[in-house]
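This report walks through one protein chain. Please keep the sequence and the structure in view while reading.

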Amino acid sequence: MTQKTALDILKLGHTVFLTGAAGAGKSYALREYITYLRKHGIKFAVTASTGIASTHIGGTTIHAWSGLGIKQKLTAYDLDELEEKPNVYKRWNDTQVLIIDEISMLHASLVDMLDKAGKHLRRSDKPFGGLQVVFTGDFFQLPPVVRNGNEYESTDVFAFMSKAWKEAKPVVCYLTEQFRQEDDTLTNILNAIRSGEVEEDHYLTLKESSNTPHTDDHIKLYTHNENVDLINKKAFDALEGEVKRFDMVTKGKGPVLASLKNNCLADEILELKIGAKVICIKNDAERKYVNGSMGIVVDFEKDNSPVIALQTGKRVVMKADTWRVEEDGKVKAEISQLPIKLAWAITVHKSQGMTLDRAQIDLSRAFASGQGYVALSRLKSMEGLHLVGFNPQALQISEEVREADYTFRSKSEQAEYALDKYTEDDLKVLHEKFLTEKGGTLVELSDSEADEIQEKTLTHTVTQEMLKIGLTLPEIAEQRNLSVDTIIGHIEKLVEMKEEVVLDKVLPPKKDVTAIKKAFKTLETTKLTPVFDELAGKYTFHQIRLVRATL
């Protein structure tokens, strides 16, 4: 199927599984559909199964967007709890199209949980509460995993096995064009892996790649964290200069904190020097960097904050970020650390979604189906491959995936055949029907109009995230090009919605907070002017408004 045909199907509003081999243009087709939705004022959410995958499409994780977090099951109590979170409830009900990328890594149980949440929060028995869900990805790539200490274990319970997937019956759009690989040799090997027909010639070709000269700009891909950590330590120790140490700060205890630390990529002890190669492991609230951005430490500020020269050419001063687990509106565990790791080497898991010119790859300890396929398909050609380790298991693919792939191809052909029955005029009418039914516009919007529609429900949460990273009111107002009064209005709204708001950097000193609270209590009022007069103008209206928000 071509990208154009897939887009025509997507615009009909069906729940869709957009798939194809690595380099088939799935991300491009997805971006085109996202642009189409924006231009016509359709509210959509862009998510992915992992943090780094979400950055490739400018979204967030499905766990964060849905409000499910790291839950392993969804009880009636959990559903009520979700409903009591106004931002989560509003997201589910405002959104018309939910995009979930890298679906191969999403466990079937989570797909069922999403379906259950959608039906409950949207008051609809339709699959996912009536949302158009767009699953994208390739099941030949990395399967669902669970973290076990410092390593990953495959669970092989694929999204297409879920009850929700079977009920939704997504239309399959199987893209067959190839846009990444630049030589037939690599393409043939990848196709042989997919079909289960890897032969001796393919193994010999891969073996010959070990003779490719290795250079410093070859990033190293390994299947296990311990190999990556060893390489990074060796390269780090070889650098001259002073070591700067950054310790993780934690709050909470017990299994909740342990789970948070296991599911977060941040190091408990991070050591840096000038010249260290690093990778960002979290999105920046100001979008100066994203999860997956790579760079080099070039300097340290007076407070020891590292200055990173990113591959994009930007320089950013890296500050500590926060990861937390919340239950019933309360923070149960929290960690704070610089959102970067050493990156002379990365795991195959971390590389998914990347396109590399050159890579040194070790597949000698491959343990999950799809690892070899993912690693090799990152490259554009065999010339960029320097293979240093290999075992036959690295090229194995789950039989369940291979069997499902035959079905996906067949269903895609059926969808293409069904679409051929419609004329261009027929499709135009159906596309317009979808737009009007979902509250969109038939006329394309300007960029500013489109942005206003998409960001309408996000503005308070953007302020919320900026408060979390410790920005002051003037800093937030300046960066968002808004007034301080507007930002305080966001804070008041968030408090009203019972959302967690971090006010440490914006409230006046504790003694002043006490004095202002006392004035509100003494006057038995919530109005600002009486309190301002009572305190003889000692505090600004901004300070009084902020304290009132905490009452």
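## Strand pairing around β13

Strand β13 (residues 277-280) runs antiparallel to strand β19 (residues 340-342), and 3 bridges join the two. This is a predicted model. Within this pairing, V278 stands opposite L342 in β19.

Strand β13 also pairs with strand β14 (residues 294-300). That pairing is antiparallel too, over 3 bridges. Here the bridge partner of V278 is G295 in β14. V278 thus has G295 as its partner in β14 and L342 opposite in β19.

## The chain overall

The chain holds 23 helices and 22 strands. It has 551 residues, of which 50% count as buried. Take the contacts between residues at least 6 apart in sequence: 71% of them join residues at least 24 apart.

## Nonpolar cores

In soluble globular proteins, nonpolar side chains tend to be buried together. The largest nonpolar core in this model has 69 residues. The members that touch the most other members are I100, I103, F128, F139, W165, I361 and F408. Helix α7 (residues 108-121) gives the most to this core, with 6 residues. A second core is separate from it and has 28 residues, including M1, L7, Y36 and V46.

Which residues does I361 touch, not counting residues up to four places away in sequence? They are L221, A375, L376, L379, L385, H386, L387, V388 and G389.

## Helix α7

The length of α7 agrees with expectation: at 1.5 Å a residue, its 14 residues should span 20 Å, and the end C-alpha atoms are 20 Å apart. The buried residues of α7 are A108, L110, V111, M113, L114, D115, A117, G118 and L121. An α-helix has 3.6 residues a turn, so residues three or four places apart point the same way. The buried residues of α7 pack against several helices and a strand. The helices are α4 (62-66), α5 (76-83), α6 (86-94) and α8 (163-168). The strand is β4 (97-101).

A108 lies in helix α7. Its relative accessibility is 6%, so A108 counts as buried. A108 touches V157, F158, A159, M161 and S162, leaving aside residues up to four places away in sequence. Of these contacts, take F158: A108 and F158 are 50 residues apart in sequence, yet 5.3 Å apart in space, C-alpha to C-alpha.

## Positive phi on either side of α7

Two residues in loops that border α7 deserve a look. E102 is in the loop between β4 and α7. E102 is not a glycine, yet its phi is positive, about 50°. Is E102 buried or exposed? Its relative accessibility is 10%, so E102 counts as buried.

R123 comes just after α7, in the loop between α7 and β5. R123 is not a glycine either, and its phi is positive at about 55°. Relative accessibility is 51% for R123, so this residue counts as exposed.

## Aromatic pairs

A search of the whole structure finds 17 aromatic pairs. One of them joins F140 and Y373. The geometry is tilted, with 6.4 Å centre to centre and 50° between the planes. F140 lies in the loop between β5 (132-136) and β6 (145-148), while Y373 lies in helix α14 (residues 371-377), so the pair ties together parts that are 233 residues apart in sequence. F140 counts as buried, at 1% relative accessibility. Y373 is buried as well, with a relative accessible area of 1%.

Ring pairs also link a cluster: F17, F128, F135, F139, F158, F160, W165 and F408. F128, F139, W165 and F408 of this cluster are also listed among the members that touch the most others in the largest nonpolar core. F158, another member of the cluster, is touched by A108 of α7.

## Charges over rings

Two lysines lie over aromatic faces. K244 lies over the face of F300, at 5.6 Å from the ring centre. F300 falls within strand β14 (residues 294-300). K273 lies over the face of F236, at 4.8 Å from the ring centre.

How values were computed
Residues numbered from 1 in each chain as written. Predicted model: local features only at pLDDT ≥ 70, side-chain atom pairs only at ≥ 80, totals over all residues. Heavy atoms only, no water. Core = buried A, V, L, I, M, F, W, Y, C linked by side-chain atoms within 4.5 Å. Buried < 20%, exposed > 50% of the residue type's maximum accessible area, 1.4 Å probe, protein only. Helix = DSSP H or I, 4+ residues; strand = E, 2+ residues; numbered from the N terminus. Contact = heavy atoms within 4.5 Å. Phe/Tyr/Trp six-rings, centres within 6.5 Å; stacked < 30°, edge-to-face > 60°. Lys NZ or Arg CZ within 6 Å of the ring centre and 35° of its normal. Expected span 1.5 Å × (residues − 1). Pairing = 2+ DSSP bridges.
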